[in-house]
Amino acid sequence: MEQEEQFSSLSNLGEFGLIERLTRDFPIKQSSTIKGIGDDAAILEFLSGRTVVSTDMLVEGVHFDLSYIPPQHLGYKAVAVNLSDIYAMNARPTQITVNIAVSNRFGIEYLDKIYEGIRHACEIFEVDLVGGDTTSSYSGLILSITAIGEVDENKVTERSGAKENDLLVVSGDLGGAYMGLQVLEREKTVFKSNPDAQPDLSEYSYPIERQLKPEARKDIPELLEKLGVQPTSMIDISDGLSSEALHLCKASDLGVRIYEEKIPVDPVILKLCEEFKISSTTIALNGGEDYELLFTIPLEDHDKIKGNPHLTVIGHMCEKAAGTNLVARDGAEVPLQAQGWNALQQDQD
């Protein structure tokens with residue numbers, strides 16, 4: 001981590017002073033937030049529908065590398081990846097809580113920048129910060145965020161609702177976040193061998209942004225409602241397309257066919273895959289961290305989404321006995337394998 005121009009010890013403020021400093025200027029936007037920060041607990045009131053809750057943890061050295069992720073981006077990403085789970089339930093996020101564990105090698109100014117990113121995400125996604133906690137850490141920086149949302153009872157979308165012959169649809173394009181990570185890791189290696197090197201990353205802005213500042217697809221549930229489409233199942237792509245498709249299959253007790261030629265990959269990423277000599281299909285299936293939404297819709301809804309630039313039909317659900325397969329460009333069927341990110345797998349390198 002680069003040396004900060006200013007470094008004020010966290011002990012100068014104490015826990016409550018630090019919380020007060022970091023959480024200032026977070027305005028309340030949601031009518032369901034009765035009491036936010038400043039008491040023993042937040043008070044929320046949901047007058048209709050269902051409440052959905054999701055939590056996620058980001059650990060330094062496991063989920064992020066501070067040598068190349070700016071603190072503002074880290075704060076923004078921590079919020080966005082949690083809200084992605086709420087959108088995957090076809091719900092609307094309303095509040096978050098933030099827990100942070102930090103060692104004394106970080107100054108107050110660094111945490112200010114993390115919360116600057118959190119504040120920006122709250123503005124973009126229109127959620128309220130209503131609580132959290134800070135504590136010390138002996139092993140680096142840890143961010144844990146809980147997201148709360150609401151959804152009409154008849155619009156809740158779980159992983160288990162897919163039906164045979166439903167179309168499998170994905171938002172956006174895939175593989176960008178993984179290739180952004182490859183670029184950053186390559187440049188980090190170059191920097192270690194030559195600290196005076198100044199990399200030009202301008203041509204890699206798209207994949208790097210996909211890695212460092214992913215966007216939760218707030219627009220997709222809104223778009224589907226506008227189109228009159230109710231997904232039968234849905235999941236966000238955090239661990240890779242293959243892994244998430246298998247989750248839908250397991251929960252819905254079905255098989256699936258995904259067509260290789262239909263998987264959306266941005267031309268910039270295709271070019272980058274050639275540069276790194278990596279299969280674009282492999283990174284789309286297993287790369288992860290794209291935070292796009294993968295969902296199923298009834299076959300009769302195909303015309304409603306046909307031609308939409310934000311959505312791509314990549315396959316269909318089938319009976320369980322048919323298996324879970326990728327249909328290659330030559331027509332061969334290859335069994336899908338969950339080879340994406342495993343949070344409990346330790347790096348042996």
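**Exercise 1. Decide whether Tyr-291 is buried or exposed in this predicted model, and describe its place and its backbone.**

Step 1. The relative accessible area of Tyr-291 is 9%, and a residue counts as buried when this value is under 20%, so Tyr-291 is buried.

Step 2. Tyr-291 is found in the loop that runs between helix H9 (280–286) and strand S10 (293–297).

Step 3. Although Tyr-291 is not a glycine, its phi is positive, at about 55°.

**Exercise 2. Find where Asn-90 lies, and state what its phi and its relative accessible area are.**

Step 1. The loop between H2 and strand S4 (92–102) holds Asn-90.

Step 2. Asn-90, which is not a glycine either, has a positive phi of about 65°.

Step 3. With a relative accessible area of 13%, Asn-90 is buried.

**Exercise 3. Locate Ser-137, and work out which residues it meets beyond its neighbours within four places in sequence.**

Step 1. Ser-137 has its place in the loop between strand S5 (128–136) and strand S6 (142–151).

Step 2. Its relative accessible area is 9%, and since the cut-off for a buried residue is under 20%, Ser-137 is therefore buried.

Step 3. The side chain of Ser-137 reaches the backbone oxygen of Gly-140, at 2.7 Å.

Step 4. When neighbours within four places in sequence are left aside, Ser-137 is in contact with Ala-101, Val-102 and Ser-103.

**Exercise 4. Describe the surroundings of Asp-301 in the loop where it lies.**

Step 1. Asp-301 lies between S10 and helix H10 (302–305), in the loop that joins them.

Step 2. Asp-301 is buried, and its relative accessible area is 9%.

Step 3. Apart from neighbours within four places in sequence, Asp-301 is in contact with Val-229 and Gln-230.

**Exercise 5. Describe how helix H2 packs against helix H3, and which residues make the contact.**

Step 1. Two packed helices are described by the angle between their axes and by the distance between the axes.

Step 2. For H2 (residues 71–87) and H3 (residues 108–125) the angle is about 35°, and the axes are 6 Å apart.

Step 3. The crossing in which H2 passes H3 is right-handed.

Step 4. On the side of H2, the residues that make the contact include Leu-74, Tyr-76, Val-79 and Leu-83, while those of H3 include Ile-114, Ile-118, Ala-121 and Phe-125.

Step 5. The residues of this contact of H2 with H3 divide into 13 nonpolar, 4 polar and 2 charged.

**Exercise 6. Explain why H4 and H8 are called oblique to each other, and describe their contact.**

Step 1. The axes of helix H4 (residues 176–193) and helix H8 (residues 267–276) cross at roughly 45° and come within 10 Å.

Step 2. Because this angle falls outside the ranges for roughly parallel, roughly perpendicular and roughly antiparallel axes, H4 and H8 are oblique to each other.

Step 3. The crossing of H4 and H8 is left-handed.

Step 4. Gly-176, Met-179, Gln-182, Val-183 and Arg-186 of H4 make the contact with Ile-269, Leu-272, Cys-273, Glu-275 and Phe-276 of H8.

Step 5. Of the residues in the contact of H4 with H8, 6 are nonpolar, 2 polar and 2 charged.

**Exercise 7. State how many helices and strands the protein has, and what its contacts and buried residues amount to.**

Step 1. The protein has 10 helices and 13 strands.

Step 2. Of its 349 residues, 50% are buried.

Step 3. Among the contacts in the protein with a separation of 6 or more, 87% are accounted for by residues 24 or more positions apart.

Definitions and conventions. Residues numbered from 1 in each chain as written. Predicted model: local features only at pLDDT ≥ 70, side-chain atom pairs only at ≥ 80, totals over all residues. Heavy atoms only, no water. Axes fitted to C-alpha atoms, helices over the stretch in contact; angles between N-to-C directions. Helix = DSSP H or I, 4+ residues; strand = E, 2+ residues; numbered from the N terminus. Left-handed = near helix turned anticlockwise from the far one by under 90°. Contact = heavy atoms within 4.5 Å. Nonpolar A, V, L, I, M, F, W, Y, C, P; charged D, E, K, R; others polar. Buried < 20%, exposed > 50% of the residue type's maximum accessible area, 1.4 Å probe, protein only. Polar contact = N/O pair within 3.5 Å; in protein donor to acceptor, adjacent residues only side chain to side chain. Parallel < 35°, antiparallel > 145°, perpendicular 65-115°, else oblique.
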